[in-house]
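Let's take a walk through a protein fold together, one piece at a time. Keep the sequence and the picture side by side as you read.

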Amino acid sequence: MFTDEVTLRVRAGRGGRGSASFRAQPFEPQGGPDGGNGGAGGDVVLRASRDLHDLSPLVRRHALIAEDGRPGAGGRKEGRRGSDLEVQLPIGTRVVDAGSGEVIDDLVEDGQAVVVARGGAAGGGNIHRVSSINRTPTAAGPGDPGEERELRLEFRLPADVGLVGKPNAGKSTLLSALTAARPKIADYPFTTPYPELGVMFSGSRRPTTLVEIPSERYLHQLDRVRAVALVVDARRPEDLPPLRRMVGDRPALVVWTKSDLVPGSHRRRGLWVSAETGVGIEELSAAILELAATAPPRPSAALAPRRLRLAPTVSPAPVIRVHRRDWGLEVEGARVARLLDRYDLDTPAGFDRFQLALERMGVNAALEEAGAAPGDTVRIGDSEFEYQP
């Protein structure tokens with residue numbers, strides 16, 4: 001099934017946790033910290049490829065997730081960086097941030113790539129936390145989460161001229177007569193269910209790409225098309241005005257099909273062709289090549305991507321909420337919960353630094369404001385503490 005729009009989430013890998021270890025060698029009882037850094041998380045990369053023709057391979061993939069970085073180890077060993085996740089897309093795919101509607105990039109060349117989510121920074125090992133105050137750090141960095149966002153991928157067929165007309169007007173027949181494309185042709189409407197591409201070659205001119213628009217449902221596929229051929233059944237001239245309105249201000253030529261069924265005295269302005277007899281096909285080919293050569297690029301702001309520089313995810317200011325429960329007080333806040341990973345609470349020094357971090361973050365002030373009394377149970381994440389002012 002032809003798919004030209006997909007919405008999915010992308011998530012880069014989390015940075016690996018640093019190591020909190022100490023060198024232990026014979027005759028060196030106080031070797032000091034030697035924990036290495038973790039590895040950075042992998043990126044999510046989208047790359048254009050001429051081997052794909054629509055977005056159908058992504059229909060069942062609701063999320064694209066890169067590999068996490070590996071943790072560090074003792075002996076100053078650094079963890080391995082997470083592998084990037086590279087996903088191929090057809091040429092002509094526009095990458096849009098689903099939340100803001102901003103165009104991140106427009107993949108219009110084979111091999112063109114864009115990083116849509118950057119991996120999280122690695123956690124530092126305790127060897128890098130040594131200071132004049134803390135000579136034996138027992139905690140290591142947990143590693144930062146990777147960027148995460150929702151994307152909308154919009155595939156638009158890159159073509160020079162679009163064939164637009166009512167069902168059964170003869171668009172597929174013309175496409176097969178002008179190019180090597182072989183769309184399904186039959187004597188009933190909507191024979192061609194999806195847009196079809198074909199390429200015309202003529203001497204020294206560059207190849208001209210045609211796209212058949214099978215129905216109004218796929219009119220958005222004209223986004224990248226510079227000119228159109230309005231294909232009208234010669235027996236139904238009333239179809240022309242609504243077609244002109246549909247294609248807007250693009251350069252256009254009118255092609256009257258099935259001309260062998262209409263007397264010459266009733267003919268209107270435009271190109272008259274008959275695929276049945278071959279009349280007018282050569283003239284139509286020359287007219288389309290000339291139209292493609294002279295049509296200007298479409299000056300559309302929607303097609304001019306704002307190549308955004310994806311800034312690293314910025315941590316918001318700490319939001320702390322204290323809720324009174326039957327058993328005590330519960331502290332909520334993403335950055336507060338992360339402190340549990342950052343400090344080793346099983347050591348006196350680590351617990352002291354954890355308490356200092358709570359004070360600086362404003363948790364103690366929030367508890368006092370909530371009416372915490374000495375001895376109350378305070379829960380942060382999965383850990384419980386006894387409150388002492």
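Before we start, one bit of vocabulary: two strands are said to pair if DSSP finds at least two bridges between them. Also keep in mind that what you're looking at is a predicted model.

With that in hand, try the strands β15 and β16. β15 covers residues 321-325 and β16 covers residues 328-332, and they pair in the antiparallel sense over five bridges. To pick out one of the matches, find Arg324: its bridge partner in β16 is Leu329. How many residues sit between β15 and β16 in this hairpin? Two residues lie between the strands of the hairpin.

What holds strands side by side in general? Strands of a sheet pair through backbone hydrogen bonds, and they can do so either parallel or antiparallel.

Now on to a sheet with more members. Here five strands make an open sheet in the order β3-β1-β8-β5-β6, and the pairing is mixed. At the edges you'll find β3 and β6, each of which pairs on one side only. If you follow the sheet from strand to strand, neighbours are turned by 25° against each other on average, ignoring direction. Let's zoom in on one of the pairs inside it: β5 (residues 93-97) and β8 (residues 148-155) run antiparallel and are joined by five bridges. Within that pair, Arg94 stands opposite Glu154 of β8.

Stay with this sheet and look at Asp105, which lies in strand β6. Is Asp105 buried or exposed? The cut-off for buried is under 20% relative accessible area, and Asp105 has 8%, so it's buried. Its side chain makes a polar contact with the side chain of Gln112, at 3.5 Å. Asp105 and Val95 are ten residues apart along the chain, yet their C-alpha atoms are separated by 5.4 Å.

Time for a helix. α1 runs over residues 171-178, and six of its eight residues are buried, so this helix is largely enclosed by the rest of the structure. Those buried residues are Lys171, Ser172, Leu174, Leu175, Ser176 and Leu178. What do they pack against? Their surroundings are a mix of strands and a helix: β9, β10, β11, β12, β13 and α3.

That last partner, α3 (281-294), deserves a second look. The axes of α1 and α3 come within 11 Å and cross at roughly 85°. Angles of 65 to 115 degrees count as roughly perpendicular, which is why α1 and α3 are described that way. On the α1 side, the contact is made by Leu174, Ala177 and Leu178, while α3 brings Ile281, Leu284, Ser285 and Ile288. Sorted by class, this contact has six nonpolar residues, one polar and no charged ones.

Finally, let's visit two loops. In the loop between β3 (63-65) and β4 (85-90) you'll come across Arg76. Arg76 isn't a glycine, but it has a positive phi of about 60°. Because its relative accessibility is 54%, Arg76 counts as exposed. The other loop connects β13 (252-257) with β14 (271-272), and Lys258 is found there. Lys258, also a residue other than glycine, has a positive phi near 60°.

Technical notes:
Residues numbered from 1 in each chain as written. Predicted model: local features only at pLDDT ≥ 70, side-chain atom pairs only at ≥ 80, totals over all residues. Heavy atoms only, no water. Helix = DSSP H or I, 4+ residues; strand = E, 2+ residues; numbered from the N terminus. Buried < 20%, exposed > 50% of the residue type's maximum accessible area, 1.4 Å probe, protein only. Contact = heavy atoms within 4.5 Å. Axes fitted to C-alpha atoms, helices over the stretch in contact; angles between N-to-C directions. Parallel < 35°, antiparallel > 145°, perpendicular 65-115°, else oblique. Nonpolar A, V, L, I, M, F, W, Y, C, P; charged D, E, K, R; others polar. Polar contact = N/O pair within 3.5 Å; in protein donor to acceptor, adjacent residues only side chain to side chain.
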